[in-house]
Amino acid sequence: MLARSLGVCLLALMLGAASSAASVGKLVVDQMILPVTEEIIEHGITESVAAGDIALLIQLATPGGLEASTRRIVNRVVESPLPVIVWVAPSGERAASAGFILLMAADVAAMAPGTNTGAAHPVVLGVEVDEVMSAKMTNDSAAFIRSLAAKRGRNVEAAEKAVRESIAYTEEEALELELIDFIAADEAALLARVAGRSIQRFDGTTVVLDPVAGPIRPIEIPLRLQLLAFIMNPNVAFVLFSLGMLGLWAEFQNPGGILPGVVGALALLLAGIALNMLPTRYAALALVLAAFAFFALEAKFTSHGIFGTAGVLAMFIGAVLLVDGPIPEMRVSWITALAVSVPFGIIAIFLMTLVIRSRGHRVTTGEEGMVGEIGLARTELAPEGRVFVHGELWNAVSSSPVPAGQKVRVLRVRELRVEVEPVERSSEQ
């Protein structure tokens, strides 16, 4: 009986200990490093602190991103009230360029098997940079990574080579060179390695993690940040801008449609938000706008395809040059540019042609539709009288006398009276 009671008490103590184990917040960052990434990581740290987590785990997978955003994220990580663990995962992913810098800034750096990191040389596109300026940029980035690596007790020389020589490391090489703390295949292995670990913070203080670390608590990214991250994809921003231009153009050509105008305005506003936060070339944006002007000219004038071809080329070149990103993933891909430019050119020219042709057609309804019709004078017009036209009797006036029974042609309609002229027999035939 006593043994049974002791067993129950021991089980209760174990369950109590397990239930009181501090959790680890987990934030998944699997995107380019952009201004919205700053907000996502800020949200993760804030949520983790509010929940009383012992640490924040950032599962990282990124091709890189903007240097300015990277530096601001690093500042937030090193100033975080709780330790930040950066884990490059899942297998097959990478933390390249800006991702490598975030990995070096972490309190604990880990990688999953089959991942890689490094290749963090600074890149500037769209601007001619001489050797002196290039050296300044490289030295600045090298000093930044040396400072981070030294404060975290990591291999300064290997970290600097990733910046100066764009060297990339596998997870095994990174561990061997002491760029990371350990390799973890999954969350369970990761928790086992960090439980009870003594961590020296960036400010020199030491924190010992709870030896019973867990469970991992996922942190949801707010919908507004998910939407912002989606539209800040350069390909999405370009498509939104093109759709917005097409929608507004359709509304201006056919006022009263409402739906094209509303959709176009919303698409343009979303594209404007994204392009304002991305490194946008506004000259390239002007090229995209010029493309629609070329499409309109092609429909209006007989250029044998010259204006249309110019429009497609302007839209394609403008799209490719639109976002001046430091990595290919931060630019509009040529496939997207081509897939949008050609169909949009065809659609715009087709719609513009329909509008111009419809404007050239003679009106056949209402009072304007009566112009040119042939009627019959029911009374003598000298100069006023009555005529039968369009199935109705109308008060009429003629500039020359018209006897009753003669055919007349309607010149114009003014209020409730038509102006006519006599139809000669030769012209009737």
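**Close-up 1. Helix H10 passes helix H11 in a left-handed crossing.** This predicted model places H10 at residues 234–253 and H11 at residues 259–277. Their axes are 7 Å apart and pack at an angle of about 150 degrees. Angles over 145 degrees count as roughly antiparallel, so H10 is roughly antiparallel to H11. On the H10 side, the contact is made by Ala237, Leu240, Phe241, Leu243, Gly244, Met245, Gly247, Leu248, Ala250 and Glu251. H11 answers with Pro260, Gly261, Gly264, Ala265, Ala267, Leu268, Leu270, Ala271, Ala274 and Leu275. Sorted by class, this contact has 15 nonpolar, four polar and one charged residues.

**Close-up 2. Helix H3 passes helix H4 in a right-handed crossing.** Here the axes of H3 and H4 lie 10 Å apart, with a packing angle of about 15 degrees. That angle makes H3 roughly parallel to H4. If you would like to pick out the residues, look for Thr70, Ile73, Val74, Val77 and Val78 in H3, which meet Ala98, Ile101, Leu102 and Ala105 in H4. The contact of H3 with H4 divides into eight nonpolar residues, one polar and no charged.

**Close-up 3. Helix H3 also meets helix H5, and this crossing is left-handed.** H3 covers residues 67–78 and H5 covers residues 131–151. The two axes come within 13 Å and cross at roughly 20 degrees. H3 and H5 are therefore roughly parallel to each other. From H3, the contact takes in Glu67, Arg71 and Val74. From H5 come Asp140, Ser141, Phe144 and Leu148. By class, the residues of this contact are three nonpolar, one polar and three charged. Val74 is worth finding in both views of H3, as it takes part in the contact with H4 and in the contact with H5.

**Close-up 4. The largest cavity is lined by Ile41, Ile58, Leu60, Ile73, Val77, Val86 and Leu102.** About 40 Å³ of space lies in this cavity, and the count of cavities of 30 Å³ or more comes to one. Strand S2 (55–60) and H3 each supply at least two residues of the lining. The lining divides into seven nonpolar residues, no polar and no charged. Some of these names will be familiar from the H3 and H4 view: Ile73 and Val77 of H3 and Leu102 of H4 belong to that contact, and they also line the cavity.

**Close-up 5. The second largest pocket holds about 160 Å³ of space.** Its lining brings together Asp107, Val108, Lys151, Arg152, Gly153, Arg154, Asp181, Arg197, Ser198, Ile199 and Gln200. Strand S9 (residues 198–200) gives the most to this lining, with three residues. By class, the lining of the pocket has two nonpolar, three polar and six charged residues.

**Close-up 6. The peptide bond from Ala89 to Pro90 is cis.** Omega for this bond is near -5 degrees. To find the spot, follow strand S3 (84–88) into the loop that leads to strand S4 (94–96), where Pro90 lies.

**Close-up 7. A cis peptide bond also runs from Ala382 to Pro383.** Here, too, omega is near -5 degrees. Pro383 is found in the loop between strand S12 (374–377) and strand S13 (384–389).

**Close-up 8. Ser97 has a positive phi, near 50 degrees, in a residue other than glycine.** You will find Ser97 in the loop between S4 and helix H4 (98–105). From there the chain is a handy route back to the second view, where Ala98 of H4 is one of the residues that meet H3.

Technical notes:
Residues are numbered from 1 along each chain as its sequence is written. This is a predicted model: local features need pLDDT of at least 70, side-chain atom pairs count only at pLDDT 80 or more; totals for chains, interfaces and linings use all residues. Side-chain values use heavy atoms; hydrogens and water are left out. Axes are lines fitted to C-alpha atoms, for helices over the stretch in contact, and angles run from 0 to 180 degrees between N-to-C directions. Helices (H or I, at least four residues) and strands (E, at least two) are DSSP runs, numbered from the N terminus. Angles under 35 degrees count as roughly parallel, over 145 as roughly antiparallel, 65 to 115 as roughly perpendicular and the rest as oblique. A crossing is left-handed if the near helix is turned anticlockwise from the far one by less than a right angle, and right-handed if clockwise. Contact means heavy atoms within 4.5 Å. Ala, Val, Leu, Ile, Met, Phe, Trp, Tyr, Cys and Pro count as nonpolar, Asp, Glu, Lys and Arg as charged, and the others, Gly among them, as polar. On a 1 Å grid over the protein atoms alone, a cavity is a set of points where a 1.4 Å probe fits but cannot get out, and a pocket is an open set with protein on both sides within 12 Å along at least five of seven lines; lining residues have an atom within 4 Å of a point. Grid points are joined across faces, edges and corners, and a volume is the space filled by probe spheres set on the points.
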